[in-house]
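Here are my notes for a colleague who has not yet looked at this entry. Please read them with the model open.

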Amino acid sequence: MERIRNFSIIAHIDHGKSTLADRLIQYTGMVEERNFQDQILDNMDIERERGITIKSQAITLPYRAQDGKDYILNLIDTPGHVDFSYEVSRALASCEGVLLLIDAAQGVQAQTIANLYLAMENNLEIIPVINKIDLPTADIDRVMEQIDAELGLDPYAHIKCSAKEGIGIEDILEAIVQRIPPPQGNPEAPLAGLIFDAHYDSYRGTVIHCRQFDGMVQPGDIIRFFFNKAAYKVEEVGHFSLKREKSDRLAAGEVGYIIAGVKTVSDVRIGDTITLDHRPCAKPLPGFKEAKPVVFSSIYPISSEDYEDLTVGLEKYKLNDAALIYQKDSSVALGQGFRCGFLGLLHLEIVQERLEREYDLSIILSVPSVRYRFTFKDEQILYIDNPAHYPGPVSIARSEEPYIKAKMIMPEKYLGAVMKLCKDRRGLDSKINYLGPGRIELIFEMPLAEVIYDFYDRFKSLTQGYGSFDYELGDYRESNLVLIDILVNGEKVDALSQIVHRDHARARALQACERLKEEIPRQVFKVAIQGAIGGEIISRTTISPFRKDVTAKCYGGDITRKRKLLEKQKKGKKRMKMIGSVSIPQSAFLAVLKTDAD
Amino acid sequence: MNLRTPDSCSGKVPGLYIHIPFCRTKCPYCAFYSETDLSFIPDFLRALFKEMDMARNQFDRFDTVYIGGGTPSVFTSYQIEEIVKRIRHNFALASPAEITLEANPADINISFLERLRDTGVNRLNLGIQSFDRKTLIFLGRRHSSAQAVSAIEISRKAGFTNLGFDLIYGVPGQDMKAWLDTLSRGVAFAPEHLSCYQLTVEANTPLITRYQKGELPFLPEGLQYDFFIKTSEQLEDARYTHYEVSNFSRGIKYASRHNQKYWNHTPYLGLGPSAHSFSGNRRWWNHRNLEDYINELSLKNAPIQAAETLSPKQLRLEALFLALRTSAGVHLKDFSEKFQYDLLLEKGETLARLQEEGHITIRDGILYPTRSGLAIADSLALI
Ligand SMILES: Nc1nc2c(ncn2[C@@H]2O[C@H](COP(=O)(O)OP(=O)(O)OP(=O)(O)O)[C@@H](O)[C@H]2O)c(=O)[nH]1
Ligand code: SF4
Ligand SMILES: [Mg+2]
């Protein structure tokens with residue numbers, strides 16, 4: 001155990017975590033050069049396409065240090081985007097230390113600070129690493145000042161590196177060995193392993209990712225899940241190499257996986273403790289704080305026949321995305337589905353895409369919403385995150401919506417534009433902190449609903465990508481809220497409803513109609529889209545039908561070609577939800593929240 | 001003949017198609033397979049006859065023969081006579097059989113046509129395309145409108161009482177007036193059949209390159225619709241029946257029996273390069289290349305490039321989209337029995353809406369596309 005080091009790489013998005021992981025993996029010779037690819041730990045297609053890490057990913061590296069001894073390094077690469085911070089916080093529970101990466105050109109950003117706090121909460125050893133020193137715009141002195149002033153860490157304790165050029169890699173490995181303490185734990189004590197992640201493998205079933213704190217587990221053992229006492233026989237244990245690598249046992253201090261033929265997927269709970277059935281540990285490990293969803297939306301199968309598949313798919317998916325929270329739900333327009341809570345809009349998008357890709361599901365998501373609080377005249381309080389359940393104004397004594405404290409770090413020159421954006425979005429009580437020459441931190445209190453309403457994209461484009469944005473949830477505040485309904489050919493589509501501030505209602509209803517007009521393809525008959533507030537129609541658009549689409553020839557017996565064309569179109573249509581006789585594409589539901597400014 | 005139910009109009013007797021893969025020159029818009037090197041004709045004919053020989057037992061009997069292409073009229077009347085003879089030798093033809101030949105107005109003279117009639121060709125389809133000089137030039141046609149007029153006259157003189165014209169609209173530079181002018185000139189000759197195609201921009205043609213380079217404007221959808229509707233109106237006023245998206249005939253009697261087989265899943269045998277065949281739930285097609293075609297046959301192999309077996313769903317989609325392109329429409333009960341799919345039950349709401357909008361009518365258990373419905377037949381099939 002003396003020779004094990006468990007650590008995560010944490011940073012703001014794009015500061016080079018996965019690239020540094022690449023260099024560490026290569027240095028330790030874990031992968032043959034010809035099999036190497038950049039950001040090798042980003043092994044999901046969706047990560048590679050978007051160039052960001054979505055899942056924390058563990059890998060075990062052997063390392064012979066300068067002291068001549070062999071060490072086992074358990075590295076966890078984590079995502080930088082705020083929507084995946086639950087991945088970071090869970091990874092940290094398995095570690096004794098972190099590499100806190102800071103981009104030498106961008107300096108400290110919102111998630112640098114947020115992730116540092118997470119590491120501190122877990123009492124981890126923190127090694128600041130200044131990355132991308134090869135960049136011409138690198139400003140190491142300034143970053144050192146920030147490490148001192150903004151992070152409160154010893155600025156001289158940092159290591160300089162370029163993950164891209166492979167500079168400073170050995171220094172980092174040595175620092176890991178020397179500065180991060182080995183795990184503690186008693187191999188003789190009863191087994192206590194923390195489930196920090198899992199995934200569903202179509203051949204092997206549920207694969208549990210865990211960190212052993214005490215004791216030892218090996219194939220043949222009967223393990224028990226602490227929370228429901230379900231017991232299973234261990235089939236295989238092992239470590240994470242680039243693939244799973246079988247081993248004889250997993251001992252205290254180690255990070256690895258367990259396959260135990262878990263039949264009931266829901267027996268596996270992320271954060272639960274695994275122990276031995278015949279010799280259980282006295283109490284469970286602390287586990288994790290529940291993920292706190294901030295954005296809600298319902299998922300429906302496009303074809304109602306696929307509801308069962310969706311149920312099974314979601315359960316399996318949830319193993320690998322502990323931040324997703326869901327429960328049964330149903331919609332008048334869209335049928336049976338699930339109400340889901342997400343950590344943000346990007347999280348929502350990723351869940352949608354992964355469900356479709358990994359579980360081959362065709363789904364629709366309703367317009368995202370935050371969670372509102374309504375107090376009725378009889379003092380009863382109701383939290384509502386689904387606009388379809390809006391109780392109606394008559395019975396409500398008080399409407400409240402969640403506020404956030406938004407923190408934006410950016411070059412000073414964008415201040416004016418961003419201030420205006422925040423004020424347009426009902427921002428209050430702004431504060432400006434000068435972080436250093438030309439760099440400011442702007443703090444605003446804002447309704448969370450405004451942030452999910454296309455705020456992030458607008459902010460990024462206003463700051464030309466140089467701004468970073470983060471927020472903390474604040475309190476609920478009273479607000480004048482109304483419900484906007486959308487009617488498609490006279491039929492209310494509850495999944496398109498939104499709760500909005502009265503002052504914005506008219507504009508939002510208009511915008512929703514316009515966006516839907518762009519998203520819904522022309523059909524064989526006219527489609528009327530109406531926006532209504534409290535039953536009163538306040539906006540309308542129509543999508544004119546197309547009148548001619550038939551191609552002239554179907555001739556000479558080559559019917560096949562024409563059929564293939566139609567089959568292709570038909571497949572496209574399958575991805576749309578039929579509401580009455582109108583086909584509405586997936587994209588329409590999310591587009592309602594997009595502004596068309598710029 | 002009862003044209004109401006799609007299956008009964010031809011009694012399911014198969015049709016025979018012969019693809020003549022030669023043209024004197026290639027028209028820039030055309031995607032049909034043909035070669036311009038006529039020196040291959042003898043080799044082709046040998047191969048074709050071998051193919052007939054090999055295919056002779058596949059079907060019992062045909063009641064239509066369609067010699068198309070390409071341009072069959074590049075052949076001499078003797079060569080055509082030989083083809084028809086070989087057909088009769090190898091296959092049983094019902095009598096009377098509809099035997100159609102496609103011809104280019106520039107190719108034909110009275111003696112050629114008289115010999116054709118003698119061999120039994122009883123339906124002549126002339127590739128006129130337009131009576132307007134500029135349009136003919138744009139289309140790269142090698143005949144003039146005067147040649148078209150004289151071709152029509154001699155066809156009648158040679159005794160063809162079932163005469164069809166192909167015309168094209170939606171050609172860049174051609175406005176509605178110019179098109180209607182061509183159309184009425186065509187109608188003035190009182191042909192038994194008219195095919196009016198909208199110019200389609202096909203892949204791998206010189207025409208598409210011009211569009212891709214931005215040299216030519218695409219016809220706006222509104223205009224496409226206007227051309228389509230006007231054509232239908234004018235011809236129906238002139239007592240033609242609009243029996244398929246692009247096809248009109250003087251009463252249903254003169255509808256192309258052969259082409260209807262394609263549209264109602266009647267079996268057909270296609271011979272010659274690129275020709276398609278269909279039977280039951282299988283479709284297969286020949287090499288789209290004269291050399292491959294000739295080589296395969298000289299090795300005594302069937303010149304088939306590929307084949308497919310249609311799933312019930314594919315058959316259903318085809319049956320639906322093909323029927324919706326024709327005035328025969330969809331016989332709902334037959335359709336539901338044949339494909340285990342009750343359109344009224346599955347798509348009732350949409351169909352009601354389409355009726356309201358005037359795109360379809362449902363009468364006596366048959367779903368008919370209206371004129372405006374024919375214009376969107378592809379989408380109707382995707383409801
Ligand atoms: N110039 C330079 N570019 C680097 C360096 N390290 C990483 N990059 C680049 O920075 C970009 C982001 O790198 P990643 O390793 O994907 O960043 P990340 O921190 O893993 O990002 P997320 O996982 O999405 O939070 C890529 O284009 C890298 O090539 C470096 O040392 N120098
Ligand atoms: S349109 Fe007719 S003549 Fe012109 S290339 Fe095509 S087949 Fe030959
Ligand atoms: Mg990464």
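The points below take up the domains, the two ligand sites, one cavity and a few backbone details.

1. Status of the model. The structure is predicted. Every value quoted here should be read as a value computed from that predicted model.

2. Domains of chain A. The domain assignment divides chain A into domain 1 (4–179), domain 2 (192–276), domain 3 (295–365), domain 4 (402–479) and domain 5 (482–593). Between the C-alpha centres of domain 2 and domain 5 of chain A the distance is 47 Å.

3. Surroundings of ligand 1. There are 18 residues around ligand 1, and those that come nearest are Lys17(A), Ser18(A), Thr19(A), Thr53(A) and Asp134(A). Sorted by class, the shell holds nine polar, five charged and four nonpolar residues. Which element gives the most to this shell? Helix H1 (residues 17–27) of chain A does, with three residues.

4. Polar contacts of ligand 1. Thr53(A), already listed among the nearest residues, has an N or O atom in its side chain 2.6 Å from an oxygen atom of the ligand. For Asp14(A) the atom concerned is a polar backbone atom, 3.1 Å from an oxygen atom of ligand 1. Asn131(A) takes part through a polar side-chain atom, which lies 3.1 Å from an oxygen atom of the ligand. Taken alone, ligand 1 exposes 650 Å², and the protein buries 85% of that.

5. Cavities. The count comes to nine cavities of 30 Å³ or more. The second largest cavity has a volume of about 140 Å³. It is lined by 19 residues, of which Tyr372(A), Ala449(A), Gln498(A), Ile499(A) and Val500(A) are the closest to its centre.

6. Lining of the second largest cavity. By class, this lining consists of 11 nonpolar, four polar and four charged residues. Helix H10 (448–452) and strand E29 (498–501) of chain A each supply at least two of its residues. E29(A) gives the most, with four residues. Which domains of chain A each provide at least three residues of the lining? They are domain 4 (402–479) and domain 5 (482–593).

7. Surroundings of ligand 2. This site is on chain B, where ligand 2 is surrounded by Cys23(B), Lys26(B), Cys27(B), Tyr29(B), Cys30(B), Gly70(B), Thr71(B) and Arg141(B). The shell divides into four nonpolar, two polar and two charged residues.

8. Cis peptide bonds in chain B. Gly70(B), one of the residues around ligand 2, follows a cis peptide bond from Gly69(B), with omega near 25°. Gly70(B) is placed in the loop between strand E2 (62–69) and helix H2 (77–90) of chain B. Another cis peptide bond joins Ser95(B) and Pro96(B), and here omega is about 5°. Pro96(B) belongs to strand E3 (residues 93–103) of chain B.

9. A positive phi in chain A. What is the sign of phi at Asp429(A), positive or negative? Phi is positive, near 50°, in a residue other than glycine. Asp429(A) sits in strand E24 (residues 428–436) of chain A.

Key. Residues are numbered from 1 along each chain as its sequence is written. Chains are lettered from A and ligands numbered from 1 in the order in which they are written. This is a predicted model: local features need pLDDT of at least 70, side-chain atom pairs count only at pLDDT 80 or more; totals for chains, interfaces and linings use all residues. Side-chain values use heavy atoms; hydrogens and water are left out. A residue is near a molecule or strand if one of its heavy atoms lies within 4 Å of it. A polar contact is a pair of N or O atoms within 3.5 Å; within protein, one must be able to donate a hydrogen and the other to accept it, and residues adjacent in sequence count only if both atoms are side-chain atoms. Accessible areas come from the Shrake-Rupley method with a 1.4 Å probe; for residues, only the protein chains shown count as cover. Ala, Val, Leu, Ile, Met, Phe, Trp, Tyr, Cys and Pro count as nonpolar, Asp, Glu, Lys and Arg as charged, and the others, Gly among them, as polar. Domain bounds come from an automatic or database domain assignment. On a 1 Å grid over the protein atoms alone, a cavity is a set of points where a 1.4 Å probe fits but cannot get out, and a pocket is an open set with protein on both sides within 12 Å along at least five of seven lines; lining residues have an atom within 4 Å of a point. Grid points are joined across faces, edges and corners, and a volume is the space filled by probe spheres set on the points.
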